[in-house]
Structures are given as C-alpha cells and as structure tokens.
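Subject: Structure for you to look over

Dear colleague,

I am passing on the structure we spoke about, and I would be glad if you could keep it open while you read the notes below.

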Amino acid sequence: QVQLVESGGGLVQAGGSLRLSCEASGSTFSSYNMGWFRRAPGKEREFVAAITHNGGSMKYTDPVKGRFTISRDNAKNTVYLQMNDLKPEDTAVYYCAASGYPILTVALVTYLHWGQGTQVTVSA
C-alpha cells in the first residue's frame, strides 16, 4: 500500500511556473511507475505525465510537452512535476498516482493508488 500526498499548487499568472511535489509513504515507492493527472472544471480527469520506477523514461500528453517535466527522487520517495509557461487552460486539480503496471501507461484504471490532489489556478 502506498499513500500519496501532493503539494505545491497555487495561483499563478499566465507564463509563470510552479513545481508540484508528491511524497509517498512506504518503502516500495521505487518499484512503482508514477503519473500525474489533472481534472479541469467540468472535465474528466486526464493524463498529464508519467515516469518509470527508475526515472529512465517519461511520457507526456501533447499539450504539456516542452513546458512540463516529470522527475523523481527515490531516496526522498517523491515525484515532481515542474510546470513552466503555464496557461489558463492548465487550471485544474492535479493528482499523482502510482501505477500497478510494469510499463508506462496513460489510462486511469492502470493506476492503483491516488493522492488527494492539489489545486493549480492560472490567471490570464
């Protein structure tokens, strides 16, 4: 069992940056592929980025490529999402999740453990 706690959300102007953190409890964090998802107002939760258990491979949704970077520090049981050049359409609740699959996946159903989310609001 993994418990996940996100932090780092907030209000930022368009063009600004935020770094989200997700700290995991338990000693098995380094065995999980990790992902970030978001749910914008009135929309379904969607995939943002994912990283393999050892940080060797990443995957991004097209709208954030070149602006967002996912990384992890297994010694700190933490996964990060660096978000640059933020746009109003990035406004959402951001969730981190731990995957039960050995390959990077984008489907919500493949992620077993979820955090509570952190709000990111980007003003125009």
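What follows is a short account of what was found, beginning with the strands and ending with the disulfide.

Please bear in mind throughout that this is a predicted model.

A convenient place to begin is strand β5, which covers residues 45-51. Five of its seven residues are buried, so β5 is largely enclosed by the rest of the structure. On one side, strand β4 (residues 34-39) pairs with β5 in the antiparallel sense over six bridges, and within that pairing G35 has A50 as its bridge partner. The hairpin of β4 and β5 has five residues between the strands, and in this hairpin G42 takes a positive phi near 75°.

Strand β5 also pairs with strand β6 (residues 58-60), again in the antiparallel sense, here over three bridges. A50 appears in this pairing too, with K59 in β6 as its bridge partner. The hairpin of β5 and β6 has six residues between the strands, and G55 takes a positive phi near 75° there. As background for looking at these strands, side chains in a regular strand alternate between the two faces of the sheet.

Turning to the interior, the largest nonpolar core holds 29 residues, of which W36, V79, L81, M83 and Y94 touch the most other members. The elements that give two or more residues to this core are β3 (18-24), β4, β5, β7 (68-73), β8 (78-83), β9 (92-99) and β11 (118-123). A second, separate core has six residues, among them F47, A50, A97 and L104.

If you would like one residue to centre the view on, L81 may serve: leaving aside its neighbours within four places in sequence, L81 is in contact with L18, R19, L20, W36, V48, A49, F68, T69, I70 and Y94.

Finally, which cysteines are joined by a disulfide? The count comes to one disulfide, and the cysteines it joins are C22 and C96, with an S to S distance of 1.9 Å. The link of C22 and C96 is right-handed, with 45° about the S-S bond. Because C22 lies in strand β3 and C96 in strand β9, the pair ties together parts that are 74 residues apart in sequence. As for their surroundings, C22 is buried, with a relative accessible area of 0%, and C96 likewise counts as buried at 0% relative accessibility.

With best wishes

Technical notes. Residues are numbered from 1 along each chain as its sequence is written. This is a predicted model: local features need pLDDT of at least 70, side-chain atom pairs count only at pLDDT 80 or more; totals for chains, interfaces and linings use all residues. Side-chain values use heavy atoms; hydrogens and water are left out. Buried means under 20% relative accessible area, exposed over 50%, partly exposed in between (1.4 Å probe, protein chains only). Helices (H or I, at least four residues) and strands (E, at least two) are DSSP runs, numbered from the N terminus. Two strands pair if DSSP finds at least two bridges between them. A nonpolar core is a set of buried Ala, Val, Leu, Ile, Met, Phe, Trp, Tyr and Cys residues joined through side-chain atoms within 4.5 Å. Contact means heavy atoms within 4.5 Å. A disulfide is a pair of cysteine sulfur atoms within 2.5 Å.
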